[in-house]
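Trainee: Could you take a close look at one part of this model with me? I'd like the geometry and the contacts in one go, rather than a list of bits.

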Amino acid sequence: MDTRPAADLESICASFAVEGRWISTCPIPSGHINDTYCSRFEAGGGIVQYVNQRINHHVFREPELLMANIERVTRFARQCIVAAGGDPDRETLTIVPTREERSYLRTPEGTYWRMFRFINGARTYDRVEDVRHVYAASKAFGGFQKMLAQLPGGRLHETIPDFHHTRKRYDAFLASVEFDPRGRAAAVKPEIDFILAREKDTGVVVEGLASGRIPERVTHNDTKLNNVMIDDRTGAGVCVIDLDTVMPGSVLYDFGDSVRLGAATAAEDEPDLAKVGFDLGLFDRLAAGYLDAARDFLVPAETELLVFAARLLTLECGMRFLTDHLKGDVYFKIHRPGHNLDRARTQFKLVAEMERQESAMDAVVRKYL
Ligand code: GN1
Ligand code: MG
């Protein structure tokens with residue numbers, strides 16, 4: 001894993017409106033797309049921390065529009081948090097503007113940087129360490145959707161078009177099998193067949209959205225457990241982070257995508273499949289947290305597909321990992337050979353287990369509706 005701090009972080013920081021003296025910057029090696037760092041400044045006799053991120057502009061083709069979304073969403077979140085008597089400096093991201101009062105910096109080399117205030121007294125978890133965090137994170141995502149249902153000002157930009165269009169993801173997967181640029185397809189036939197056998201699932205949510213049966217809403221679209229900061233003291237979900245894919249979508253994307261990590265017994269890239277399982281008890285906490293926040297605004301076309309969406313989004317993610325493996329690891333960062341294949345395999349194992357436990361999952365959702 002490359003954990004070298006980029007040499008120019010001090011000068012990147014100098015472009016932002018931060019008070020105090022820069023001390024150090026070190027990488028935060030989490031996330032598969034952007035590069036994230038933590039910078040420390042000395043100010044007013046103490047240490048103040050910030051988060052720097054280089055936006056991957058090959059994935060997010062229009063960083064300007066992405067940042068316009070984040071400005072809108074965080075400004076609105078701040079108003080809602082203040083109105084509810086909360087602490088806006090902890091409960092939503094605070095953008096640190098550049099000295100030219102922009103929300104991001106574009107360097108002469110064409111890279112894009114942004115800076116947020118660091119949220120103290122809270123952290124994220126890459127795998128489930130405490131079952132209470134699952135409830136807390138899921139409730140935070142449900143609350144986030146509920147809040148954004150009131151977002152004024154028209155549709156947000158689609159930062160990645162067709163991001164959760166599972167059918168198009170399937171077509172891209174088929175193309176990677178056919179083209180097979182690295183000659184890797186023959187060695188992953190069982191994984192390829194696993195996806196082919198589930199082709200008919202891939203159209204369900206996108207067709208429901210297209211026909212208007214499933215409502216379009218503002219959703220987060222990347223609802224991994226580690227995208228909620230958990231308070232160190234109380235264990236509550238403090239702040240929903242990683243707002244790059246907040247855009248029009250379906251609540252089914254968010255709920256479904258949260259299950260593949262929130263109800264799993266191992267990390268997303270666990271190479272030992274014997275350790276990877278779907279845990280109904282964790283799913284119970286996840287469904288309870290989500291529905292405690294979201295139950296009163298969901299419609300039946302959504303609630304009846306929640307369990308299906310858990311399988312679908314897990315399949316979609318596994319399919320994306322396998323596609324990237326076949327293409328030669330060009331999208332998701334990898335830290336070892338076969339990393340994307342390991343990730344794909346954990347997702348397929350989870351899908352298979354969810355298929356077996358469908359009726360038990362249905363019972364859990366019904367209990368909390
Ligand atoms: C990527 O970079 P990160 O970890 O926030 C990906 C998500 C995947 C996730 C898999 C823009 O998210 O869609 O679910 O990896 N984000 C993008 O862990 O593709
Ligand atoms: Mg993300």
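Trainee: Which domains is the protein divided into, and which residues belong to each? After that, please stay with helix α11 for a while, and bring in the other spots only as a backdrop.

Mentor: Sure. Keep in mind that this is a predicted model. The protein splits into domain 1, made of 6-69 + 94-119, and domain 2, covering 131-368. Note that domain 1 is written as two stretches of chain. The C-alpha centres of the two domains are 28 Å apart, and their contact draws on 14 residues from domain 1 and 17 residues from domain 2.

Now for your helix. α11 runs over residues 306-327, and a good place to start is its crossing with α8, residues 251-262. The two axes come within 7 Å and cross at roughly 65°. An angle of 65 to 115 degrees counts as roughly perpendicular, so α8 and α11 fall into that class. As for handedness, α8 passes α11 in a right-handed crossing. On the α8 side, the contact is made by Leu-252, Tyr-253, Phe-255, Gly-256, Asp-257, Val-259 and Arg-260. α11 answers with Leu-306, Ala-309, Ala-310, Leu-313, Thr-314 and Cys-317. Sort those contact residues by type and you get 9 nonpolar, 2 polar and 2 charged.

Two other residues of α11 are worth a stop. Val-307 sits in this helix and, with 3% relative accessibility, counts as buried, because the cut-off for that is under 20%. What does Val-307 touch, leaving out residues up to four places away in sequence? Its partners are Phe-283, Glu-358, Met-361, Asp-362 and Val-365. If you want a ruler along the chain, Val-307 and Phe-321 are 14 residues apart, and their C-alpha atoms are separated by 22 Å.

His-325 is in α11 as well. At 8% relative accessibility it also counts as buried. Leaving out residues up to four places away in sequence, His-325 touches Arg-184, Val-188, Asn-340 and Leu-341.

For the backdrop, take another helix pair, α2 and α4. α2 spans residues 63-83, and the axes of α2 and α4 come within 11 Å, crossing at roughly 100°. These two are therefore roughly perpendicular to each other too. Val-73, Phe-76, Ala-77 and Cys-80 in α2 meet Phe-144, Met-147 and Leu-148 in α4. That contact comes out as 7 nonpolar, with no polar and no charged residues.

Last, a couple of backbone spots you might otherwise trip over. Glu-101 has a phi near 65°, a positive value in a residue other than glycine. Glu-101 lies in the loop between α3 (88-91) and β4 (105-106), and is exposed, with a relative accessible area of 71%. Asp-162 also has a positive phi, about 60°, without being a glycine. Its place is the loop between α4 (131-148) and α5 (166-179), where Asp-162 is partly exposed at 33% relative accessible area.

Definitions and conventions
Residues are numbered from 1 along each chain as its sequence is written. Chains are lettered from A and ligands numbered from 1 in the order in which they are written. This is a predicted model: local features need pLDDT of at least 70, side-chain atom pairs count only at pLDDT 80 or more; totals for chains, interfaces and linings use all residues. Side-chain values use heavy atoms; hydrogens and water are left out. Axes are lines fitted to C-alpha atoms, for helices over the stretch in contact, and angles run from 0 to 180 degrees between N-to-C directions. Helices (H or I, at least four residues) and strands (E, at least two) are DSSP runs, numbered from the N terminus. Angles under 35 degrees count as roughly parallel, over 145 as roughly antiparallel, 65 to 115 as roughly perpendicular and the rest as oblique. A crossing is left-handed if the near helix is turned anticlockwise from the far one by less than a right angle, and right-handed if clockwise. Contact means heavy atoms within 4.5 Å. Ala, Val, Leu, Ile, Met, Phe, Trp, Tyr, Cys and Pro count as nonpolar, Asp, Glu, Lys and Arg as charged, and the others, Gly among them, as polar. Buried means under 20% relative accessible area, exposed over 50%, partly exposed in between (1.4 Å probe, protein chains only). Domain bounds come from an automatic or database domain assignment.
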